[in-house]
Amino acid sequence: MSDSQTIAYPYAKAAFDYARDADQLEAWENMLVVMKEVAEAPIVASQIEALDMLGPDAHDAFNQSFLAICDGLIDEHGQNLVKLMAENGRLAVLPQVTELYQTFKSDFERTVEACVVTAEPLDEQQANSLSQALERKLNRTVSLTCQVDKSLVGGIKITAGELVIDGSLKSAIDRLAIRLEV
């Protein structure tokens, strides 16, 4: 885990635990996405970086501005998370908090997003068969996204969470070239 993920972990875990217990997983994911997007906006991100050099009055003013931008999009518990992270100088890790929260949520719901890249488009039957096979292998509900990349030449590349299966012809050719030291 990187430093920012280590810092973000307790905030993401607390948000997830609260959302799970309150049966508000989707609402909290939506709020965290809003907070992440606000924190990543260039002008806001630069202000977050500069907060360490400013006094407590600037922190309060920034916090009020941040919450005003999010007004109506996050509830009082989401606002409390923003305030707590601001007090601790941790707003810069909001994107990682959101990412970790989404991982916790996917694990809890036993879902995974899979991306399949092929040289030619998959037909509906192929996509359904592949989705069912991935669900059996991963023991999760799979949300499948299909993409076409002509550079693969042939075969398939699958990414599902941390699992990567590269059965593309391009990859096989690259491995052969390395073995032959070309």
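In this predicted model, the axes of helix α2 (residues 25-40) and helix α3 (residues 42-50) come within 5 Å and cross at roughly 80 degrees. Because angles of 65 to 115 degrees count as roughly perpendicular, α2 is roughly perpendicular to α3. The residues through which the two helices meet can be named. On the side of α2 they are V38, A39 and E40, and on the side of α3 they are P42, V44, A45 and I48.

**Salt bridges**

Side chains of opposite charge can pair when their charged atoms come close. A search of the whole structure finds ten such salt bridges. Three of them are listed below, with the distance from nitrogen to oxygen.

| Salt bridge | Distance, N to O |
|---|---|
| R20 and D17 | 3.4 Å |
| R20 and D21 | 3.3 Å |
| D107 and R140 | 3.3 Å |

The pair D107 and R140 links two separate parts of the chain. D107 lies in helix α6 (residues 94-109), whereas R140 belongs to the loop between α7 (124-138) and β2, so the salt bridge ties together parts that are 33 residues apart in sequence. D107 counts as partly exposed, at 39% relative accessibility.

Salt bridges with shared partners also join K13, D17, R20 and D21 into one network. Within this network, R20 forms a salt bridge with D17 and another with D21. How far apart along the helix are R20 and D17? Both lie in helix α1 (residues 3-21), and because they are three residues apart there, about one helical turn separates them. The members of the network can also be described by their accessibility. R20 is partly exposed, with a relative accessible area of 31%, and D17 is likewise partly exposed, at 22%. D21 has a relative accessible area of 62% and is therefore exposed, since the term applies to values over 50%.

**The loop between β2 and β3**

Two residues of the loop between β2 (141-148) and β3 (156-160) deserve description: V153 and D149. V153 is exposed, with a relative accessible area of 53%. Together with L169 and I173, V153 makes a nonpolar surface patch of about 270 Å².

D149 counts as partly exposed, at 31% relative accessibility. Which residues does D149 touch, when those up to four places away in sequence are not counted? They are V117, T118 and A119. For T118, the separation can be given in two ways: D149 and T118 are 31 residues apart along the chain, while their C-alpha atoms are separated by 5.9 Å.

**A residue of strand β3**

I158 lies in strand β3. Is I158 buried or exposed? With a relative accessibility of 6%, I158 counts as buried, because buried means under 20%. When neighbours within four places in sequence are left aside, I158 is in contact with C115, V116, L130, L134, L163, V164 and I165. Among these contacts, L130 and L134 fall within the residue range of α7 (124-138). The position of I158 may also be described relative to L51. These two residues are 107 residues apart along the chain, and their C-alpha atoms are separated by 42 Å.

Key:
Residues are numbered from 1 along each chain as its sequence is written. This is a predicted model: local features need pLDDT of at least 70, side-chain atom pairs count only at pLDDT 80 or more; totals for chains, interfaces and linings use all residues. Side-chain values use heavy atoms; hydrogens and water are left out. Patches are made of residues with over 30% relative accessible area and no salt bridge: like charges are joined within 9 Å, nonpolar side chains (Val, Leu, Ile, Met, Phe, Trp, Tyr) within 5 Å. Accessible areas come from the Shrake-Rupley method with a 1.4 Å probe; for residues, only the protein chains shown count as cover. A salt bridge is a side-chain nitrogen of Lys or Arg within 4 Å of a carboxyl oxygen of Asp or Glu. Helices (H or I, at least four residues) and strands (E, at least two) are DSSP runs, numbered from the N terminus. Buried means under 20% relative accessible area, exposed over 50%, partly exposed in between (1.4 Å probe, protein chains only). Axes are lines fitted to C-alpha atoms, for helices over the stretch in contact, and angles run from 0 to 180 degrees between N-to-C directions. Angles under 35 degrees count as roughly parallel, over 145 as roughly antiparallel, 65 to 115 as roughly perpendicular and the rest as oblique. Contact means heavy atoms within 4.5 Å.
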